[in-house]
Amino acid sequence: MFRALRHRNYRLFFIGQGLSLTGTWIQQTGEVWLAYRLTHSALALGVVGFASQIPTFLLAAFAGAWIDQANKHRLVLIAQILAMGQAFALAALVLTHRITYHLLILLALFSGAIDALEIPSRQSFVIEMVDDPADLPNSIALNSSLVNAARLIGPAVAGLLIAAVGEGWCFFINGVSYLAIIISLLSMRLRRVEHPQIRTDLWKAFREGLAYVSGSVPIITLLTSLAIVSLFGSSYTVLIPIFAAQVLHGGPHTLGFLMAASGLGALMGALYLASRRTVLGLGRVIGAGMTLFGTGLVMFSFSRWFWMSWAMMLAAGFGMMIGTASINTVLQTIVEPDKRGRVMSFFTTAFIGMAPLGNFGGGAVASLIGAPGSVRMAGALCLAAALWYFRYLPTLRQYIRPLYQELGILPEVAKGLQAAATTVKPRG
(Lines give C-alpha, C1' and ligand atoms only; values in the text may rest on other atoms or scores of the structure.)
Protein backbone atom coordinates (compact mmCIF):
# COMPACT_ATOMS: atom_id res chain seq x y z
CA MET A 1 0.00 0.00 0.00
CA PHE A 2 2.88 2.40 0.73
CA ARG A 3 5.41 1.26 -1.89
CA ALA A 4 5.80 4.73 -3.45
CA LEU A 5 7.31 5.98 -0.17
CA ARG A 6 10.53 4.07 -0.95
CA HIS A 7 11.41 6.94 -3.29
CA ARG A 8 13.26 9.61 -1.27
CA ASN A 9 11.90 12.65 -3.08
CA TYR A 10 8.32 11.42 -2.90
CA ARG A 11 8.80 10.61 0.79
CA LEU A 12 9.94 14.18 1.47
CA PHE A 13 7.01 15.51 -0.50
CA PHE A 14 4.58 13.22 1.33
CA ILE A 15 5.68 14.45 4.77
CA GLY A 16 5.85 18.13 3.91
CA GLN A 17 2.62 18.14 1.93
CA GLY A 18 0.80 16.29 4.71
CA LEU A 19 1.58 19.02 7.23
CA SER A 20 0.85 21.80 4.75
CA LEU A 21 -2.47 20.34 3.60
CA THR A 22 -3.69 20.03 7.18
CA GLY A 23 -3.15 23.77 7.50
CA THR A 24 -4.92 24.34 4.18
CA TRP A 25 -8.05 22.53 5.36
CA ILE A 26 -7.95 24.45 8.64
CA GLN A 27 -7.95 27.66 6.59
CA GLN A 28 -10.69 26.55 4.19
CA THR A 29 -12.99 25.68 7.09
CA GLY A 30 -12.20 29.02 8.72
CA GLU A 31 -12.95 30.87 5.49
CA VAL A 32 -16.44 29.42 5.00
CA TRP A 33 -17.35 30.07 8.64
CA LEU A 34 -15.95 33.61 8.42
CA ALA A 35 -18.02 34.27 5.29
CA TYR A 36 -21.13 32.95 7.03
CA ARG A 37 -20.44 35.02 10.17
CA LEU A 38 -19.99 38.18 8.13
CA THR A 39 -23.09 37.75 5.95
CA HIS A 40 -25.41 34.93 7.16
CA SER A 41 -26.27 34.50 3.47
CA ALA A 42 -26.36 31.34 1.36
CA LEU A 43 -25.71 33.40 -1.77
CA ALA A 44 -22.68 35.04 -0.14
CA LEU A 45 -21.25 31.60 0.69
CA GLY A 46 -21.69 30.64 -2.95
CA VAL A 47 -19.88 33.80 -4.09
CA VAL A 48 -16.89 33.06 -1.83
CA GLY A 49 -16.66 29.54 -3.25
CA PHE A 50 -17.00 30.99 -6.75
CA ALA A 51 -14.23 33.52 -6.16
CA SER A 52 -11.79 30.95 -4.77
CA GLN A 53 -12.13 28.65 -7.76
CA ILE A 54 -13.11 30.69 -10.83
CA PRO A 55 -9.43 31.55 -11.57
CA THR A 56 -8.80 27.82 -11.95
CA PHE A 57 -11.62 27.60 -14.48
CA LEU A 58 -10.25 30.57 -16.44
CA LEU A 59 -6.50 29.98 -16.16
CA ALA A 60 -5.64 26.33 -15.46
CA ALA A 61 -6.08 25.04 -19.02
CA PHE A 62 -3.78 27.77 -20.36
CA ALA A 63 -1.28 27.27 -17.53
CA GLY A 64 -0.79 23.69 -18.72
CA ALA A 65 0.86 24.89 -21.95
CA TRP A 66 3.45 26.67 -19.82
CA ILE A 67 3.85 23.85 -17.29
CA ASP A 68 4.82 21.34 -19.99
CA GLN A 69 7.76 23.58 -20.94
CA ALA A 70 8.88 24.75 -17.49
CA ASN A 71 10.63 23.40 -14.39
CA LYS A 72 7.72 21.92 -12.46
CA HIS A 73 9.68 21.75 -9.20
CA ARG A 74 10.34 25.48 -9.35
CA LEU A 75 6.72 26.28 -10.21
CA VAL A 76 5.40 24.27 -7.26
CA LEU A 77 7.89 25.97 -4.92
CA ILE A 78 6.94 29.48 -6.08
CA ALA A 79 3.24 28.68 -5.71
CA GLN A 80 3.72 27.46 -2.13
CA ILE A 81 5.54 30.67 -1.19
CA LEU A 82 2.76 32.81 -2.66
CA ALA A 83 0.10 30.76 -0.86
CA MET A 84 1.94 31.24 2.43
CA GLY A 85 1.84 34.99 1.89
CA GLN A 86 -1.90 34.88 1.24
CA ALA A 87 -2.52 32.96 4.46
CA PHE A 88 -0.51 35.40 6.59
CA ALA A 89 -2.25 38.38 4.96
CA LEU A 90 -5.67 36.94 5.75
CA ALA A 91 -4.60 36.16 9.32
CA ALA A 92 -3.38 39.73 9.83
CA LEU A 93 -6.63 41.23 8.56
CA VAL A 94 -8.80 39.02 10.77
CA LEU A 95 -6.68 39.33 13.92
CA THR A 96 -6.62 43.14 13.58
CA HIS A 97 -10.40 43.21 12.94
CA ARG A 98 -9.96 44.81 9.52
CA ILE A 99 -11.42 41.99 7.46
CA THR A 100 -14.48 42.68 5.34
CA TYR A 101 -16.50 40.47 3.06
CA HIS A 102 -15.08 42.22 -0.01
CA LEU A 103 -11.48 41.76 1.17
CA LEU A 104 -12.26 38.08 1.75
CA ILE A 105 -13.45 37.84 -1.85
CA LEU A 106 -10.25 39.48 -3.16
CA LEU A 107 -8.02 37.13 -1.16
CA ALA A 108 -10.09 34.17 -2.33
CA LEU A 109 -9.50 35.26 -5.95
CA PHE A 110 -5.75 35.48 -5.30
CA SER A 111 -5.74 32.01 -3.73
CA GLY A 112 -7.61 30.64 -6.73
CA ALA A 113 -5.07 32.13 -9.14
CA ILE A 114 -2.27 30.38 -7.21
CA ASP A 115 -4.18 27.08 -7.37
CA ALA A 116 -4.59 27.42 -11.14
CA LEU A 117 -0.80 27.18 -11.43
CA GLU A 118 0.07 24.97 -8.45
CA ILE A 119 -2.39 22.10 -8.80
CA PRO A 120 -1.60 21.01 -12.39
CA SER A 121 2.11 21.63 -11.72
CA ARG A 122 2.01 19.39 -8.65
CA GLN A 123 -0.04 16.71 -10.42
CA SER A 124 2.42 16.49 -13.30
CA PHE A 125 5.45 16.83 -11.00
CA VAL A 126 4.61 13.59 -9.14
CA ILE A 127 6.10 11.41 -11.88
CA GLU A 128 9.47 13.23 -11.50
CA MET A 129 9.54 12.27 -7.80
CA VAL A 130 8.92 8.56 -8.47
CA ASP A 131 11.80 6.76 -10.18
CA ASP A 132 9.82 3.62 -11.05
CA PRO A 133 6.80 4.30 -13.34
CA ALA A 134 5.12 1.17 -11.96
CA ASP A 135 4.71 3.02 -8.65
CA LEU A 136 2.90 5.97 -10.25
CA PRO A 137 -0.67 4.73 -9.57
CA ASN A 138 0.28 4.03 -5.96
CA SER A 139 1.79 7.52 -5.58
CA ILE A 140 -1.41 9.09 -6.95
CA ALA A 141 -3.54 7.09 -4.53
CA LEU A 142 -1.24 7.91 -1.62
CA ASN A 143 -1.36 11.58 -2.58
CA SER A 144 -5.14 11.38 -2.49
CA SER A 145 -5.03 9.70 0.90
CA LEU A 146 -2.75 12.49 2.10
CA VAL A 147 -5.16 15.17 0.94
CA ASN A 148 -8.02 13.50 2.72
CA ALA A 149 -6.19 12.65 5.91
CA ALA A 150 -5.64 16.40 6.11
CA ARG A 151 -9.29 16.90 5.19
CA LEU A 152 -10.22 14.67 8.12
CA ILE A 153 -7.98 16.37 10.67
CA GLY A 154 -8.06 19.99 9.47
CA PRO A 155 -11.79 20.79 9.73
CA ALA A 156 -12.10 19.16 13.15
CA VAL A 157 -9.17 21.22 14.43
CA ALA A 158 -10.59 24.33 12.76
CA GLY A 159 -13.96 23.86 14.45
CA LEU A 160 -12.29 23.78 17.86
CA LEU A 161 -10.04 26.75 17.04
CA ILE A 162 -12.91 28.89 15.74
CA ALA A 163 -14.97 28.19 18.84
CA ALA A 164 -12.01 28.92 21.14
CA VAL A 165 -10.04 31.79 19.56
CA GLY A 166 -11.70 32.72 16.26
CA GLU A 167 -10.90 32.28 12.58
CA GLY A 168 -7.73 34.41 12.50
CA TRP A 169 -5.55 31.81 14.16
CA CYS A 170 -6.72 29.21 11.61
CA PHE A 171 -5.18 31.32 8.87
CA PHE A 172 -1.97 31.98 10.84
CA ILE A 173 -1.47 28.25 11.48
CA ASN A 174 -1.93 27.57 7.78
CA GLY A 175 0.74 30.14 6.94
CA VAL A 176 3.22 28.43 9.27
CA SER A 177 2.33 25.00 7.83
CA TYR A 178 3.58 26.03 4.38
CA LEU A 179 7.12 26.01 5.75
CA ALA A 180 6.97 22.19 5.86
CA ILE A 181 6.36 21.72 2.13
CA ILE A 182 8.78 24.52 1.20
CA ILE A 183 11.58 22.87 3.20
CA SER A 184 10.70 19.47 1.67
CA LEU A 185 10.88 20.84 -1.87
CA LEU A 186 14.23 22.51 -1.20
CA SER A 187 15.61 19.24 0.24
CA MET A 188 14.87 17.11 -2.83
CA ARG A 189 17.60 15.62 -5.03
CA LEU A 190 15.96 15.46 -8.44
CA ARG A 191 17.39 13.77 -11.51
CA ARG A 192 18.19 16.23 -14.24
CA VAL A 193 15.22 16.77 -16.53
CA GLU A 194 15.69 18.72 -19.74
CA HIS A 195 13.05 21.43 -19.96
CA PRO A 196 12.69 23.02 -23.38
CA GLN A 197 12.83 26.78 -23.55
CA ILE A 198 9.40 28.32 -23.17
CA ARG A 199 8.06 29.15 -26.58
CA THR A 200 6.57 32.57 -27.18
CA ASP A 201 3.52 31.02 -28.86
CA LEU A 202 1.88 29.44 -25.81
CA TRP A 203 -1.46 29.73 -27.59
CA LYS A 204 -0.23 27.16 -30.12
CA ALA A 205 0.83 24.83 -27.30
CA PHE A 206 -2.58 25.24 -25.71
CA ARG A 207 -4.35 24.38 -28.97
CA GLU A 208 -2.14 21.31 -29.37
CA GLY A 209 -3.16 20.16 -25.90
CA LEU A 210 -6.83 20.86 -26.57
CA ALA A 211 -6.69 18.90 -29.83
CA TYR A 212 -4.99 16.00 -28.05
CA VAL A 213 -7.61 15.91 -25.28
CA SER A 214 -10.62 16.30 -27.58
CA GLY A 215 -9.24 13.73 -30.02
CA SER A 216 -8.88 11.01 -27.37
CA VAL A 217 -12.17 9.27 -26.58
CA PRO A 218 -11.02 7.97 -23.16
CA ILE A 219 -9.59 11.31 -22.03
CA ILE A 220 -12.54 13.44 -23.13
CA THR A 221 -15.05 10.96 -21.68
CA LEU A 222 -13.34 10.83 -18.29
CA LEU A 223 -12.89 14.60 -18.13
CA THR A 224 -16.52 15.19 -19.12
CA SER A 225 -17.76 12.83 -16.41
CA LEU A 226 -15.59 14.56 -13.84
CA ALA A 227 -16.70 18.03 -14.95
CA ILE A 228 -20.41 17.15 -14.71
CA VAL A 229 -20.10 15.73 -11.19
CA SER A 230 -17.93 18.64 -10.05
CA LEU A 231 -20.32 21.21 -11.53
CA PHE A 232 -23.41 19.81 -9.85
CA GLY A 233 -21.95 18.20 -6.75
CA SER A 234 -19.50 20.80 -5.46
CA SER A 235 -22.02 23.26 -4.03
CA TYR A 236 -22.63 21.21 -0.88
CA THR A 237 -19.19 22.24 0.43
CA VAL A 238 -20.14 25.94 0.65
CA LEU A 239 -23.64 25.23 1.99
CA ILE A 240 -22.49 23.05 4.90
CA PRO A 241 -22.42 26.03 7.34
CA ILE A 242 -26.17 26.44 6.78
CA PHE A 243 -26.79 22.75 7.52
CA ALA A 244 -24.61 23.00 10.63
CA ALA A 245 -26.28 26.14 11.99
CA GLN A 246 -29.88 26.07 10.72
CA VAL A 247 -30.73 22.44 9.93
CA LEU A 248 -28.80 20.67 12.71
CA HIS A 249 -28.86 23.67 15.11
CA GLY A 250 -25.14 23.44 15.88
CA GLY A 251 -22.11 25.72 15.63
CA PRO A 252 -18.52 25.73 14.37
CA HIS A 253 -17.82 22.34 15.95
CA THR A 254 -20.75 20.84 14.01
CA LEU A 255 -19.35 22.29 10.79
CA GLY A 256 -15.94 20.84 11.59
CA PHE A 257 -17.29 17.36 12.27
CA LEU A 258 -19.39 17.31 9.08
CA MET A 259 -16.43 18.34 6.95
CA ALA A 260 -14.23 15.85 8.80
CA ALA A 261 -16.76 13.10 7.98
CA SER A 262 -16.43 13.88 4.29
CA GLY A 263 -12.65 13.82 4.71
CA LEU A 264 -12.74 10.49 6.54
CA GLY A 265 -14.81 8.93 3.77
CA ALA A 266 -12.40 10.28 1.17
CA LEU A 267 -9.42 8.98 3.13
CA MET A 268 -10.99 5.51 3.27
CA GLY A 269 -11.53 5.66 -0.48
CA ALA A 270 -7.94 6.74 -1.13
CA LEU A 271 -6.55 3.94 1.04
CA TYR A 272 -8.75 1.45 -0.79
CA LEU A 273 -7.29 2.62 -4.11
CA ALA A 274 -3.75 2.52 -2.71
CA SER A 275 -4.27 -1.13 -1.73
CA ARG A 276 -5.18 -2.10 -5.31
CA ARG A 277 -2.37 -3.77 -7.25
CA THR A 278 -3.67 -3.02 -10.74
CA VAL A 279 -5.68 -0.46 -12.69
CA LEU A 280 -7.97 -3.23 -13.92
CA GLY A 281 -11.55 -2.52 -12.88
CA LEU A 282 -11.12 1.21 -12.31
CA GLY A 283 -13.80 1.90 -14.93
CA ARG A 284 -16.41 0.27 -12.69
CA VAL A 285 -14.95 2.01 -9.63
CA ILE A 286 -15.46 5.41 -11.29
CA GLY A 287 -19.13 4.70 -11.95
CA ALA A 288 -19.68 3.30 -8.46
CA GLY A 289 -18.05 6.39 -6.94
CA MET A 290 -20.31 8.75 -8.91
CA THR A 291 -23.37 6.78 -7.82
CA LEU A 292 -22.40 6.72 -4.15
CA PHE A 293 -21.58 10.42 -4.17
CA GLY A 294 -24.96 11.39 -5.64
CA THR A 295 -26.85 9.08 -3.28
CA GLY A 296 -24.98 10.48 -0.27
CA LEU A 297 -25.92 14.05 -1.20
CA VAL A 298 -29.59 13.22 -1.68
CA MET A 299 -29.82 11.42 1.67
CA PHE A 300 -27.85 14.21 3.40
CA SER A 301 -30.36 16.77 2.15
CA PHE A 302 -33.23 14.87 3.83
CA SER A 303 -31.46 14.31 7.15
CA ARG A 304 -32.35 16.31 10.26
CA TRP A 305 -30.23 14.20 12.64
CA PHE A 306 -26.53 14.83 13.17
CA TRP A 307 -25.35 11.22 13.01
CA MET A 308 -27.30 10.47 9.84
CA SER A 309 -25.89 13.64 8.26
CA TRP A 310 -22.41 12.62 9.40
CA ALA A 311 -22.80 9.15 7.85
CA MET A 312 -24.04 10.59 4.54
CA MET A 313 -21.07 12.96 4.41
CA LEU A 314 -18.84 9.93 4.98
CA ALA A 315 -20.48 8.10 2.06
CA ALA A 316 -20.33 11.15 -0.23
CA GLY A 317 -16.65 11.68 0.56
CA PHE A 318 -15.84 8.03 -0.17
CA GLY A 319 -17.72 8.12 -3.46
CA MET A 320 -16.18 11.35 -4.67
CA MET A 321 -12.66 10.18 -3.82
CA ILE A 322 -12.74 6.78 -5.51
CA GLY A 323 -14.28 8.32 -8.62
CA THR A 324 -11.95 11.31 -8.88
CA ALA A 325 -8.71 9.53 -7.96
CA SER A 326 -9.51 6.66 -10.33
CA ILE A 327 -10.01 9.12 -13.19
CA ASN A 328 -6.68 10.74 -12.27
CA THR A 329 -4.92 7.37 -12.25
CA VAL A 330 -6.29 6.30 -15.63
CA LEU A 331 -5.42 9.66 -17.20
CA GLN A 332 -1.86 9.65 -15.82
CA THR A 333 -1.42 6.10 -17.09
CA ILE A 334 -2.50 6.67 -20.70
CA VAL A 335 -1.30 10.24 -21.35
CA GLU A 336 1.76 10.94 -23.49
CA PRO A 337 4.59 12.35 -21.31
CA ASP A 338 5.02 15.61 -23.25
CA LYS A 339 1.29 16.32 -22.88
CA ARG A 340 1.07 15.51 -19.16
CA GLY A 341 1.02 19.10 -17.90
CA ARG A 342 -1.69 20.11 -20.34
CA VAL A 343 -3.86 17.06 -19.67
CA MET A 344 -3.57 17.57 -15.91
CA SER A 345 -4.44 21.23 -16.37
CA PHE A 346 -7.65 20.14 -18.08
CA PHE A 347 -8.18 17.67 -15.23
CA THR A 348 -7.79 20.57 -12.78
CA THR A 349 -10.24 22.65 -14.80
CA ALA A 350 -12.80 19.83 -14.81
CA PHE A 351 -12.39 19.00 -11.13
CA ILE A 352 -11.83 22.39 -9.50
CA GLY A 353 -12.56 24.86 -12.28
CA MET A 354 -16.18 23.75 -12.67
CA ALA A 355 -16.77 24.02 -8.93
CA PRO A 356 -17.15 27.85 -8.83
CA LEU A 357 -19.99 27.69 -11.31
CA GLY A 358 -21.60 24.99 -9.16
CA ASN A 359 -20.95 26.95 -5.97
CA PHE A 360 -22.51 30.11 -7.36
CA GLY A 361 -25.46 28.24 -8.84
CA GLY A 362 -25.95 26.17 -5.68
CA GLY A 363 -25.89 29.30 -3.51
CA ALA A 364 -28.41 31.04 -5.80
CA VAL A 365 -30.74 28.03 -5.81
CA ALA A 366 -30.40 27.70 -2.02
CA SER A 367 -31.45 31.34 -1.60
CA LEU A 368 -34.68 30.48 -3.44
CA ILE A 369 -35.62 26.99 -2.23
CA GLY A 370 -33.31 26.47 0.74
CA ALA A 371 -30.01 24.64 1.19
CA PRO A 372 -31.58 21.14 1.54
CA GLY A 373 -33.47 21.54 -1.73
CA SER A 374 -30.36 22.79 -3.53
CA VAL A 375 -28.20 19.86 -2.34
CA ARG A 376 -31.01 17.39 -3.14
CA MET A 377 -31.17 18.66 -6.71
CA ALA A 378 -27.38 18.48 -7.04
CA GLY A 379 -27.32 14.87 -5.83
CA ALA A 380 -30.03 13.86 -8.30
CA LEU A 381 -28.09 15.40 -11.19
CA CYS A 382 -24.95 13.50 -10.11
CA LEU A 383 -26.95 10.27 -10.18
CA ALA A 384 -28.12 11.09 -13.70
CA ALA A 385 -24.47 11.63 -14.71
CA ALA A 386 -23.58 8.23 -13.24
CA LEU A 387 -26.26 6.56 -15.36
CA TRP A 388 -24.86 8.25 -18.47
CA TYR A 389 -21.34 7.08 -17.59
CA PHE A 390 -22.38 3.45 -17.06
CA ARG A 391 -24.15 3.45 -20.41
CA TYR A 392 -20.94 4.58 -22.13
CA LEU A 393 -18.56 2.39 -20.11
CA PRO A 394 -18.41 -0.59 -22.55
CA THR A 395 -17.27 1.72 -25.37
CA LEU A 396 -14.73 3.35 -23.06
CA ARG A 397 -13.21 -0.05 -22.27
CA GLN A 398 -12.72 -0.82 -25.94
CA TYR A 399 -10.61 2.32 -26.37
CA ILE A 400 -8.57 2.05 -23.16
CA ARG A 401 -7.43 -1.59 -23.47
CA PRO A 402 -5.27 -1.10 -26.57
CA LEU A 403 -3.85 2.14 -25.16
CA TYR A 404 -2.31 0.31 -22.20
CA GLN A 405 -0.76 -2.19 -24.60
CA GLU A 406 0.54 0.39 -27.07
CA LEU A 407 2.04 2.79 -24.52
CA GLY A 408 3.65 0.04 -22.45
CA ILE A 409 3.58 2.23 -19.36
CA LEU A 410 2.64 -0.69 -17.10
CA PRO A 411 3.70 -3.87 -18.92
CA GLU A 412 2.25 -6.23 -16.31
CA VAL A 413 -1.09 -4.43 -16.51
CA ALA A 414 -1.03 -4.46 -20.29
CA LYS A 415 -0.44 -8.20 -20.19
CA GLY A 416 -3.39 -8.64 -17.84
CA LEU A 417 -5.61 -6.54 -20.05
CA GLN A 418 -4.62 -8.54 -23.09
CA ALA A 419 -5.50 -11.77 -21.29
CA ALA A 420 -8.81 -10.31 -20.14
CA ALA A 421 -9.64 -9.19 -23.66
CA THR A 422 -9.46 -12.77 -24.89
CA THR A 423 -11.91 -14.01 -22.27
CA VAL A 424 -14.31 -11.11 -21.79
CA LYS A 425 -16.31 -9.72 -24.67
CA PRO A 426 -17.18 -6.02 -24.15
CA ARG A 427 -20.87 -5.24 -23.98
CA GLY A 428 -22.49 -2.81 -26.36
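## Reasoning through the helices, cores and salt bridges

Student: How do you know that the reach of helix α12 (residues 306-334) is what 1.5 Å a residue would give?

Tutor: Helix α12 has 29 residues, and the expected value at 1.5 Å a residue is 42 Å. From its first C-alpha to its last, α12 reaches 42 Å, close to that expectation. Keep in mind that this is a predicted model.

Student: What makes α12 count as largely enclosed by the rest of the structure?

Tutor: A residue is called buried when its relative accessible area is under 20%. In α12, 22 of the 29 residues are buried, so the helix is largely enclosed by the rest of the structure.

Student: Let's turn to α2. How do you know that the span of helix α2 (residues 42-67) agrees with its number of residues?

Tutor: Take 1.5 Å a residue: the 26 residues of α2 should span 38 Å. The C-alpha atoms at its ends are 36 Å apart, which agrees. There is also a kink in α2, of about 50 degrees and centred on L59.

Student: What makes S41 a cap for the N-terminal end of α2?

Tutor: Look at the backbone nitrogen of A44: a side-chain oxygen of S41 lies 3.1 Å from it. A polar contact needs N or O atoms within 3.5 Å, and the 3.1 Å between S41 and A44 meets that cut-off.

Student: What makes the phi of H40 worth pointing out?

Tutor: The phi of H40 is near 50 degrees, a positive value in a residue other than glycine. You will find H40 in the loop between α1 (8-39) and α2. H249 also has a positive phi, about 55 degrees, and is not a glycine. H249 sits in the loop between α9 (236-247) and α10 (252-275).

Student: Why is H40 called buried or exposed, and which word fits H249?

Tutor: Exposed means over 50% relative accessible area. H40 has 54%, so it counts as exposed. H249 has 67%, so it too counts as exposed.

Student: Now the salt bridges. How many are there?

Tutor: The count comes to four. As background, side chains of opposite charge can pair when their charged atoms come close.

Student: Why is the pair R37 and E167 called a salt bridge?

Tutor: The rule asks for a side-chain nitrogen of Lys or Arg within 4 Å of a carboxyl oxygen of Asp or Glu. In R37 and E167, the closest N and O atoms are 2.8 Å apart, so the pair qualifies. R37 belongs to helix α1 and E167 to the loop between α5 (136-165) and α6 (168-186), so the salt bridge ties together parts that are 130 residues apart in sequence.

Student: Why is R37 called buried, partly exposed or exposed, and what about E167?

Tutor: The middle class runs between under 20% and over 50%. R37 has a relative accessible area of 40%, so it is partly exposed. E167, at 6%, counts as buried.

Student: What makes R342 and E208 another such pair?

Tutor: Their side chains meet at 3.4 Å, N to O, and the limit is 4 Å. R342 lies in helix α13 (residues 340-353) and E208 in helix α7 (residues 202-215), so this pair ties together parts that are 134 residues apart in sequence. R342 counts as buried at 6% relative accessibility, whereas E208 counts as partly exposed at 30%.

Student: How do you know that E336 and K339 form a salt bridge?

Tutor: The closest N and O atoms of E336 and K339 are 3.4 Å apart, again set against a limit of 4 Å. E336, at 32% relative accessibility, counts as partly exposed, and K339, at 14%, counts as buried.

Student: Which residues touch the most other members of the largest nonpolar core?

Tutor: That core has 118 residues, and Y10, L222, L223, L239, F293 and M313 touch the most other members. A second, separate core of five residues includes A63, I67, A70 and L75.

Student: Last one: why is S225 called buried or exposed?

Tutor: S225 has 1% relative accessibility, so it counts as buried. This residue is in helix α8 (residues 217-233), and its side chain reaches the backbone oxygen of T221 at 3.0 Å. Leaving aside neighbours within four places in sequence, S225 is in contact with M290, W388 and Y389.

Methods
Residues are numbered from 1 along each chain as its sequence is written. This is a predicted model: local features need pLDDT of at least 70, side-chain atom pairs count only at pLDDT 80 or more; totals for chains, interfaces and linings use all residues. Side-chain values use heavy atoms; hydrogens and water are left out. Helices (H or I, at least four residues) and strands (E, at least two) are DSSP runs, numbered from the N terminus. The expected span of a helix is 1.5 Å times one less than its number of residues. The bend at a residue is the angle between axes fitted to the seven residues ending there and the seven starting there. A polar contact is a pair of N or O atoms within 3.5 Å; within protein, one must be able to donate a hydrogen and the other to accept it, and residues adjacent in sequence count only if both atoms are side-chain atoms. Buried means under 20% relative accessible area, exposed over 50%, partly exposed in between (1.4 Å probe, protein chains only). A nonpolar core is a set of buried Ala, Val, Leu, Ile, Met, Phe, Trp, Tyr and Cys residues joined through side-chain atoms within 4.5 Å. Contact means heavy atoms within 4.5 Å.
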